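Let's take a walk through a protein model together, starting with the big pieces and then zooming in. Keep the picture open while you read.

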Amino acid sequence: MKNAVGTTVISHGQIVDGTGAAPIPHGTVVIQDGRLTYVGPQVGAPAVPPDAMRIDARGGTIMPGLIEAHFHPTYFNVAALEDLDIKYPVEYVTILAACNAKLALECGYTAARSGGSLFNIDVWLKKAIEKDLVPGPRMASSGREICGVGGLMDWNPDYRKIGMEGLVLLVNGPDEARSAVRKLVKDGIEWVKTYPTGDAAAPDANDHHTLCMTFEEMHAVVATAHNHNLKVTGHCRATEGIKNALRAGYDAIEHGTFMDDEAMDLLLARDVPVVPALYFELASIEKGPEFGLGQKVIDGHQETLDGGAESARRILKEGGRLGMGGDYGFAWNPHGDYARELSFFVNYVGFTPLQTIMCATKTGAEILGRSHEIGTLEVGKLADVLIVDGDVVKDITLLEKRDRFIGVMQGGIIKAGQLA
Ligand SMILES: [Zn+2]
């Protein structure tokens with residue numbers, strides 16, 4: 001991705017740097033050739049050349065671009081599990097994914113980690129974004145997901161003779177788990193996404209307390225992935241599934257819904273980040289009935305919401321790391337609503353706005369493996385900056401309002417917002 005050339009100065013706003021530190025009032029940010037060279041009070045800012053571009057933050061907020069840590073670029077208006085797979089042909093899904101990436105950038109998300117993708121679309125989407133062919137967040141890709149046969153993602157009955165090969169690699173035993181990871185190595189992905197547990201969405205055979213992979217399969221995934229320098233994460237709701245993942249050496253946990261003391265100890269011992277993706281549960285409860293979700297499913301989402309909120313509070317309190325992502329792309333939780341996750345964590349879960357922003361910026365960059373380049377406003381990093389007309393610390397919901405974005409920058413280039 002190209003960086004800006006020359007000098008840009010952003011001033012007249014408070015700086016929220018993404019580290020969780022208190023905002024710097026009357027701040028100035030100086031960008032040289034796409035990288036941050038000064039972040040601090042206006043008094044003390046270095047002199048800049050007369051031809052520097054100047055951006056007025058209008059008394060609002062200057063902060064790092066947001067990072068969506070559980071992004072499904074190929075999900076689009078999903079109303080049932082089946083929609084994840086064969087609703088549209090791959091050609092059309094590729095175009096939809098490019099549209100979703102553009103939308104995410106317009107929503108202030110300058111980076112995103114895929115939480116799984118149909119076929120290999122996110123790998124190529126990432127390449128197209130990096131080459132500036134299409135606008136979108138800097139991405140880490142996952143490609144197809146891995147699940148045990150008969151697990152959450154294996155819903156097509158055999159008599160239909162429909163495979164799941166576009167969405168998920170189904171495995172029986174460690175040998176097949178290894179072979180699935182090797183396919184993904186060849187695909188060029190970075191994060192192996194697995195399904196250690198079920199979900200409230202499948203209340204009969206694969207609910208949120210069911211295991212969908214064995215420890216041996218998970219361990220084989222991790223050993224093979226780590227050998228090839230890939231990272232591993234998984235959809236983990238059931239307590240035993242979380243523990244299996246942590247013991248197998250997972251690099252992140254998606255959801256981490258039902259944590260007990262032992263799971264917390266295992267998590268904190270290796271400082272494994274968790275992406276709760278929790279607003280989805282509330283959205284499913286509130287809007288699910290109008291999309292035909294049954295009472296059993298709604299009840300499961302309620303239990304997941306309660307358990308997940310409690311676990312998230314505990315993880316933050318005990319010094320763990322949380323990324324903000326949201327499983328957006330469902331009919332009741334559409335792309336474009338990404339920052340609802342942040343408002344939800346402040347207003348429902350009880351995090352402070354600064355904690356929530358840190359999770360959505362600094363920790364997100366750590367999950368992407370790019371914390372040396374992005375995620376906070378610190379000298380030397382890429383100028384991925386969001387300039388908001390208003391005080392996001394007083395009102396986190398401003399981050400949901402695209403029309404309040406003065407600028408969304410990647411590498412010092414304004415890509416979206418009023419100035420674009
Ligand atoms: Zn997901």
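The domain assignment splits this protein into domain 1 (7-65 + 372-416) and domain 2 (66-338); such bounds come from an automatic or database domain assignment. Before going on, a word about the numbering: residues count from 1 along each chain as its sequence is written. This is also a predicted model, where local features need pLDDT of at least 70, side-chain atom pairs count only at pLDDT 80 or more, and totals for chains, interfaces and linings use all residues.

The C-alpha centres of domain 1 and domain 2 lie 31 Å apart. Their contact takes twelve residues from domain 1 and eleven residues from domain 2 (two residues are in contact if their C-beta atoms, placed from the backbone, lie within 7 Å). Which strand gives the most to the side of domain 1 that touches domain 2? That's strand 15, with three residues. Both strand 15 (405-410) and strand 16 (413-416) supply at least two residues there. Helices (H or I, at least four residues) and strands (E, at least two) are DSSP runs, numbered from the N terminus.

Now zoom in on strand 5 (residues 66-71), where six of its six residues are buried. Buried means that 20 or more other C-beta atoms lie within 10 Å of a residue's own, with C-beta atoms placed from the backbone. Strand 5 pairs with strand 6 (residues 109-114) in the parallel sense over four bridges (pairing takes at least two bridges found by DSSP). Look for Phe71, which stands opposite Ser114 in strand 6. Add helix 1 (residues 90-106), and strand 5, helix 1 and strand 6 make a right-handed β-α-β unit: with the strands pointing away from you, the path from the first strand over the helix to the second runs clockwise.

Next, find Ala360 in helix 10 (residues 353-368). Is Ala360 buried or exposed? Ala360 is buried, because 31 other C-beta atoms lie within 10 Å. Not counting residues up to four places away in sequence, Ala360 touches Leu66, Ile67, Met324 and Leu342.

Last stop: helix 4 (residues 215-227). Helix 4 has 13 residues and reaches 18 Å from its first C-alpha to its last, close to the 18 Å expected at 1.5 Å a residue (that is, 1.5 Å times one less than its number of residues). Its buried residues include Glu217, Met218 and Ala220, and what covers the buried residues of helix 4 includes strand 8 (145-148) and helix 3 (173-187). After helix 4 comes Asn229, whose phi is positive, near 65 degrees.

Notes:
A residue is buried if 20 or more other C-beta atoms lie within 10 Å of its own, exposed if 12 or fewer, and partly exposed in between; C-beta atoms are placed from the backbone.
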